[in-house]
Amino acid sequence: MSAATLQESLTTDRLAVRSWRPPIILGVLALFAIVVFGILGPGGNATFRLSQDGDAWQVPNLVVPAQGFGWFAALICAALAVQAYLQTKNVGRPAKWVTMTFTVVFVIGLLVWIIGGTKTQNITVVGLFTGAMLITTPLVFGSLSGVLCERSGVVNIAIEGQLLAGAFTAALVSSMTGNAFAGLFAAALAGVLVSFLLAVFSIKYVVNQIIVGVVLNVLVSGLTGFLFEKIMKTKVNGATIFNQPAHLPDLPIPLLSEIPVLGPTFFRQSILGYLMIVLVIAIWFGLFRTRWGLRVRAVGEHPKAADTVGINVNRTRFLNVLAGGAVAGIGGAYFTLVAVSSFSKDMTGGLGFIALAALIFGRWNPIGAALAALLFGVAGNLQSILSLAGTPIDGQFLAMLPYALTILAVSGFVGKSRAPAADGEPYVKG
Amino acid sequence: MSGVQSPEPATVPAPKPAGTAAPPSEGKRIVREIMSGSAMVSVLAVVVALVIGGLLIAVTDQRVVAAAGYFFAQPGDLFSAMWTAVSQAYGALWRGATYDPTARTWLGQLGIFETLTFATPLILSGLAVTLAFRAGLFNIGAKGQIIMGAVFAGAVGFGMDLPPVIHLLAVIIAGAIGGAIWGGIAGVLKAKTGAHEVIVTIMLNYIAASLVLYLLKNQLKAPGSTNPISPPMHENALFPLLLGPNFRLHAGFILAVLAVVGVAWLLDRSTLGFEFRAIGANPSAAQTAGMLVSRGYILVMLISGALSGLAGVTQLSGTSKSLDADIAGSIGFDAITVALLGRSTPWGTFFAALLFGAFKAGGTSMAVNANVSIDIVLVVQSLIVLFIAAPPLVRSIFRIKAAKSEGARA
């Protein structure tokens, strides 16, 4: 990273390349906010219910006047857009905090506008977040798998396949053994197996990594679908005994789980939810604060240089891809051991590709990817909540949000999301 | 994802948009990978994939499992049970895809025409992927382009009332435009900002899927319908059936064959095609030779998108006859495997699409007659592509055998 950022800052400083895209995009969005949130903002109040009835600590509902808040958010956005313009003019690019704050304020403004525009004008925030975690958790595992692979220079399009393999294997093995942890372990193995194929074909046989990823997704979909029909649908004594996975229970953490909103969201999860948080921090720490991480990033950015100083490039990549597979496999287990109580065909439904989007939107950083996954999870859950409530914006447009944001991110409209330099490039010694 | 930003500041003095400074290696390598190796590898890959699929069918068959229970008492039973399971499945597949004298209807007997029907959109979308490949671009967005092509075609096909022939032509053109717009977005972003086309096209697939659902619930919904489905296409907007009402084969197949001829001409005989191939082989060299790489990227994605859009038209005007959210089905991803199996040549793509069309037609009959889930077809298809993409693997599988048999002879 350090070498790349240095190079990047050198080029931007010396050549003073000024990209006007960020301020233009922010300006357009601010204008949108002024018109939609402000001028056309809905009347009345938007109510955010922060506590549920059974909670120990009752927090009063958060009530905001929808149109007034809309103006407030829109004007802050406008001010930040002007700031971005000035910074681009003077320094060449807007500061990070400007785009970050802009995003947060815009998202909150959007949320208030949406809630204010529904018939009931209120939303249970706890429900919004706990529901979002059903989407976010597998997304985080999937994108962490992507981080591990791509930081070492192997593109992982097969996240979807790894998740699906994990979901299927977890369901099958935990049904057979009656033990959820056996299922979890098997799911990790299944993810490793998919990764193994990815690694063998892309590293040993130097097949284009994207091709391998795409094909592996089809292979896993076909294989799990076939075995699902053959094994899981088989009834023994009238019951589909091979598709009744054991369940991983929720383990609420005392006290912490009573915190309003945050408690039910983060501290009333199954073991996989906690594992997710640990993994995000561990992988971030590992990649950016340890010798192992430095080596991995070196291999992903400049394999030749890494090789020169004695790092075994292809072995590093192989191991990272396998580790990524284990992580995604465990994420897949979440589907069948926690979220739903049985496997169904293609049940991951494209989440692996949203995980890829989260990875890119989070700039190949574990924490960034996790936050992006949270955003995408909230957007996804908001869509399903709102499909019942009648909204000013069609749910399908919320569904597009992750993908549209990712396109904006890779084309550098709002900050540049940059892949590791050697991502996708096989390394052949010599 | 190497093309996301030009990663070699050392050789590229100014950070120009990556369209002009994309690393040459990837596109070149893809093309080399796909073009290298012989047709023999393709055939062997199909054989190996079928064998593995057969094993999978065999070991999951209930009679086989039962026979395995008393394997040591009567080992012959196991093998005969395996043989029965596999031969029934593949037999049903073969008859469903070609000719089945036992079927009751004409359509059931002559499965070969179903094969051609299924192959039609695969040919067109496979060509789309092939063409982009040759220019060094990986168009994973066939699905989105098919959807948008079908949306545009549908808007003309059931939204307007035109005389015969003209209506169908208008539908075809509209579909091509719809697909071209969707492909063009990826091309423009690649050329102007260096955004990697793989990521952009994947994301566009999902955006198109959401967009069509939205449209089907609002503007394009059939009046009075509660489901997200469009009104049926006008009679004049449908492809005429080639073999009468007993078969589904429609004139879209002729369109597909014409497209093969057209793309073959474009790639091998035209200046533009030469530019595409030059860009695919080495964008830097093409740039140096005076070609506009960014223009090439945009043009090839426009044409590629248009071809996928036509696949959407054949689905809509030929097969489904009204638009629903599942119009693209699995064609978008099948297109990639078709292009890979066809080694990125137009006629190779054509025959690969016929094979995959046969799998689709036969898969249905296999599911009905041999009780083997159609998913096995996905397994076989993906294995074929894996083996084809890694010729050394296929060669090593068969070289080992060859060496052994030589040793036995000696």
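**Notes on the predicted two-chain model**

1. Starting with a loop residue: setting aside neighbours within four places in sequence, B:Asn246 makes contact with B:Trp106 and B:Leu107. Keep in mind throughout that this is a predicted model. B:Asn246 sits in the loop of chain B that runs between strand S1 (229–232) and helix H11 (252–269). Its relative accessibility is 48%, so B:Asn246 counts as partly exposed, the cut-off for exposed being over 50%. For a sense of scale, the C-alpha atoms of B:Asn246 and B:Ile327 are 23 Å apart, with the two positions 81 residues apart along the chain.

2. Some context on chain B as a whole. Its secondary structure comes to 18 helices and two strands. Of the 410 residues in chain B, 58% are buried. Looking at contacts with a separation of 6 or more in chain B, 73% of them come from residues 24 or more positions apart.

3. Next, a residue that reaches over to the other chain. B:Thr60 is in the loop between helix H3 (39–59) and H4 of chain B. Leaving out residues up to four places away in sequence, B:Thr60 touches A:Phe226, A:Leu227 and A:Lys230. Is B:Thr60 buried or exposed? With a relative accessibility of 15%, B:Thr60 counts as buried, because the cut-off for that class is under 20%. B:Thr60 and B:Gly280 are 220 residues apart in sequence, and their C-alpha atoms are 44 Å apart in space.

4. Moving into the helix that follows that loop, B:Ala67 is found in H4 (residues 62–69) of chain B. B:Ala67 counts as buried, at 3% relative accessibility. Which residues does B:Ala67 touch, not counting those up to four places away in sequence? They are B:Asp77, B:Leu78 and B:Ala81. B:Met82 is 15 residues from B:Ala67 along the chain, and the C-alpha atoms of the two are separated by 9.1 Å.

5. On to helix packing in chain B. Helices H8 (residues 142–157) and H15 (residues 331–341) of chain B pack at an angle of about 130°, and their axes are 7 Å apart. H8(B) and H15(B) are therefore oblique to each other, since 130° falls neither in the 65 to 115 range for roughly perpendicular nor over 145, where roughly antiparallel begins. The crossing of H8(B) and H15(B) is right-handed. H8(B) contributes B:Ala142, B:Lys143 and B:Ile146 to the contact, while H15(B) brings B:Ile331, B:Gly332 and B:Ala335. By class, the residues of this contact are four nonpolar, one polar and one charged.

6. Two backbone oddities turn up in loops that involve those helices. B:Val165, in the loop between H8 and helix H9 (166–193) of chain B, has a positive phi near 65° despite being a residue other than glycine. B:Arg343 is not a glycine either, yet has a positive phi of about 55°; B:Arg343 lies in the loop between H15 and helix H16 (346–369) of chain B. How do they fare for solvent? B:Val165 is exposed, with a relative accessible area of 61%, whereas B:Arg343 counts as buried at 10% relative accessibility.

7. Chain A has a packed pair to look at as well. Helix H14 (residues 351–361) and helix H16 (residues 395–410) of chain A pack with their axes 9 Å apart, at an angle of about 40°. That angle makes H14(A) oblique to H16(A), because roughly parallel would need an angle under 35 degrees. H14(A) and H16(A) cross in a left-handed sense. From H14(A), the contact takes in A:Ile354, A:Ala357, A:Ile360 and A:Phe361; from H16(A), A:Pro402, A:Tyr403, A:Leu405, A:Thr406, A:Ala409 and A:Val410. The contact of H14(A) with H16(A) has nine nonpolar residues, one polar residue and no charged ones.

8. Last, a quick geometry check on helix H6 (residues 159–177) of chain A. At 1.5 Å a residue, its 19 residues should span 27 Å, and the end C-alpha atoms are 26 Å apart, which agrees. How many residues of H6(A) are buried? The count is 17 of 19, so the helix is mostly covered. Just after H6(A) comes A:Gly178, with a positive phi of about 75°.

Terms used. Residues are numbered from 1 along each chain as its sequence is written. Chains are lettered from A and ligands numbered from 1 in the order in which they are written. This is a predicted model: local features need pLDDT of at least 70, side-chain atom pairs count only at pLDDT 80 or more; totals for chains, interfaces and linings use all residues. Side-chain values use heavy atoms; hydrogens and water are left out. Axes are lines fitted to C-alpha atoms, for helices over the stretch in contact, and angles run from 0 to 180 degrees between N-to-C directions. Helices (H or I, at least four residues) and strands (E, at least two) are DSSP runs, numbered from the N terminus. A crossing is left-handed if the near helix is turned anticlockwise from the far one by less than a right angle, and right-handed if clockwise. Contact means heavy atoms within 4.5 Å. Ala, Val, Leu, Ile, Met, Phe, Trp, Tyr, Cys and Pro count as nonpolar, Asp, Glu, Lys and Arg as charged, and the others, Gly among them, as polar. The expected span of a helix is 1.5 Å times one less than its number of residues. Buried means under 20% relative accessible area, exposed over 50%, partly exposed in between (1.4 Å probe, protein chains only).
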